[in-house]
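Trainee: I should like to learn how to read the features of a structure that is new to me. May we take them one at a time?

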Amino acid sequence: MAFEPPQRLVRALGETAPDGDDWLEKLPEAAHQAVALRELTVERVQMPGGRSSLVVLVRQPDGTPAVLKLAPPRARPQSERAALAHWGGTGAVQLLEPLVTEGVLLLERLRPDLSVRSLPEAKALLEAAGTLRRLWVEPPAGHRFETVAERTGRQAEAMRATASADAEVATLVDAALAAREELLAAPPERRLLHGTFRQSKVLAGERMPWLAVGPDPVVGECAFDLARLVRDRVEDLIASPSGAATTRRRVKRLAESLEVDQERLRGWTLFRAVESGARARRVGRPQDAELLLEFAGWL
């Protein structure tokens with residue numbers, strides 16, 4: 001079978017490595033090797049797929065359905081493996097093999113066509129928040145996961161560079177960076193976090209109704225993880241005349257339901273929205289940037 005990477009993946013990798021690399025060129029051969037090593041039967045490549053990995057629907061030698069995931073080093077697949085192993089299937093998709101192959105994961109098959117985003121908004125937020133709560137555990141001793149301070153520090157440098165070249169975003173970037181400094185001055189907890197959690201990252205399963213997929217794990221406070229969920233369906237929020245009020249209510253409701261400090265959630269939501277908006281401008285996605293920065297302005 002030809003393992004042709006979906007265009008969504010090709011475009012996303014082009015944004016994160018504009019000068020290119022050879023991972024995509026090596027991908028077909030790497031996929032063939034991973035399949036042969038595990039004696040898998042390939043069904044199909046998942047389309048449109050994700051933005052950081054190739055997802056292949058397969059069956060194991062005994063016929064059990066599974067997912068083979070191949071990701072480049074910059075997507076930190078080994079960190080994902082470590083987090084999934086630590087969660088052990090509680091709240092998240094389960095690893096199916098102890099075999100450690102660089103950039104390759106064999107995972108339980110969920111329903112890639114059914115995420116909580118397909119539910120009505122209130123129900124989707126409830127189910128997503130419940131899933132996220134189960135992931136917030138103590139990190140393993142001696143872990144090597146990136147911390148929130150480290151990750152946002154890298155992001156802050158890129159934000160400053162964007163602001164210096166783009167006066168339109170400078171005010172929001174300054175506000176976001178000030179919020180980050182205040183939040184990091186007194187971090188209240190250290191939990192293992194999903195890192196990139198949103199409604200589309202929660203899929204229907206057989207073992208449990210909903211399970212999280214695709215973590216980019218990080219260690220820090222829960223408010224950082226929850227912040228990305230606040231802006232889910234941002235295009236609907238922006239289109240609504242009551243979008244700003246709805247956003248403020250969402251911050252309050254999520255903070256209360258998950259026992260997270262409301263102001264810390266607001267601060268991390270601001271930082272993460274501005275960071276995403278600045279990055280969208282930097283890589284040439286002006287419409288996404290406009291939505292995200294307008295949303296950030298409400299905070």
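Mentor: Let us begin with a sheet. In this predicted model, an open sheet of 3 strands follows the order β5-β7-β8, and the pairing is antiparallel.

Trainee: Which strands stand at the edges of this sheet?

Mentor: The edge strands are β5 (111–115) and β8 (210–212). Each has a single partner strand, so one side of each lacks a neighbour in the sheet. From one strand to the next, the twist averages 55 degrees.

Trainee: Which helix packs on the sheet, and which strands does the helix touch?

Mentor: Helix α4 (residues 121–135) packs there, touching β7 and β8. The direction of α4 makes about 55 degrees with that of β8.

Trainee: Over how many bridges do β5 and β7 pair?

Mentor: Strand β5 and strand β7 (residues 202–204) pair over 2 bridges in the antiparallel sense. Within this pairing, Arg111 stands opposite Ala204 in β7.

Trainee: May we return to helix α4 and consider one residue? Is Arg133 buried, exposed or partly exposed?

Mentor: Arg133 has its place in helix α4. Its relative accessibility is 38%, and Arg133 therefore counts as partly exposed, since that class lies between the limits of 20% and 50%. Leaving aside residues up to four places away in sequence, Arg133 touches Ser257, Leu258 and Glu259. The C-alpha atoms of Arg133 and Asp225 are separated by 10.0 Å, although these residues are 92 residues apart along the chain.

Trainee: How is the packing of two helices described?

Mentor: Two packed helices are described by the angle between their axes and by the distance between the axes. Asp225 leads us to one case, as this residue belongs to the contact of α7 with α10. Helix α7 (residues 222–230) and helix α10 (residues 262–282) pack at an angle of about 65 degrees, and their axes are 8 Å apart. The crossing of α7 and α10 is right-handed.

Trainee: Which residues of α7 and α10 meet?

Mentor: From α7 come Ala223, Phe224, Asp225, Leu226, Ala227, Arg228 and Val230; from α10 come Arg264, Leu265, Trp268, Thr269 and Arg272. The residues of this contact divide into 7 nonpolar, 1 polar and 4 charged.

Trainee: At what angle do α5 and α6 cross?

Mentor: Helix α5 (residues 148–165) and helix α6 (residues 167–185) cross at roughly 160 degrees, their axes coming within 9 Å. An angle over 145 degrees counts as roughly antiparallel, and α5 and α6 are therefore roughly antiparallel to each other. Their crossing is left-handed. Among the residues in contact are Val148, Thr152, Ala156 and Met159 of α5, and Val169, Val173, Leu177 and Leu184 of α6. The contact of α5 with α6 divides into 13 nonpolar, 3 polar and 2 charged residues.

Trainee: One topic remains. Which strands are joined by bridges to β2?

Mentor: Strand β1 (residues 41–45) is joined to β2 by 4 bridges, and the two run antiparallel. Here Arg44 stands opposite Leu57 in β2. Strand β3 (residues 65–70) is joined to β2 by 6 bridges, again antiparallel, with Leu54 opposite Leu70 in β3. Strands β2 and β3 form a hairpin with 5 residues between them, and Gly63 in the turn has a positive phi of about 95 degrees.

Trainee: How many residues of β2 are buried?

Mentor: Of the 6 residues of strand β2 (residues 54–59), 5 are buried, so this strand is largely enclosed by the rest of the structure.

Conventions. Residues numbered from 1 in each chain as written. Predicted model: local features only at pLDDT ≥ 70, side-chain atom pairs only at ≥ 80, totals over all residues. Heavy atoms only, no water. Axes fitted to C-alpha atoms, helices over the stretch in contact; angles between N-to-C directions. Parallel < 35°, antiparallel > 145°, perpendicular 65-115°, else oblique. Left-handed = near helix turned anticlockwise from the far one by under 90°. Contact = heavy atoms within 4.5 Å. Nonpolar A, V, L, I, M, F, W, Y, C, P; charged D, E, K, R; others polar. Buried < 20%, exposed > 50% of the residue type's maximum accessible area, 1.4 Å probe, protein only. Pairing = 2+ DSSP bridges.
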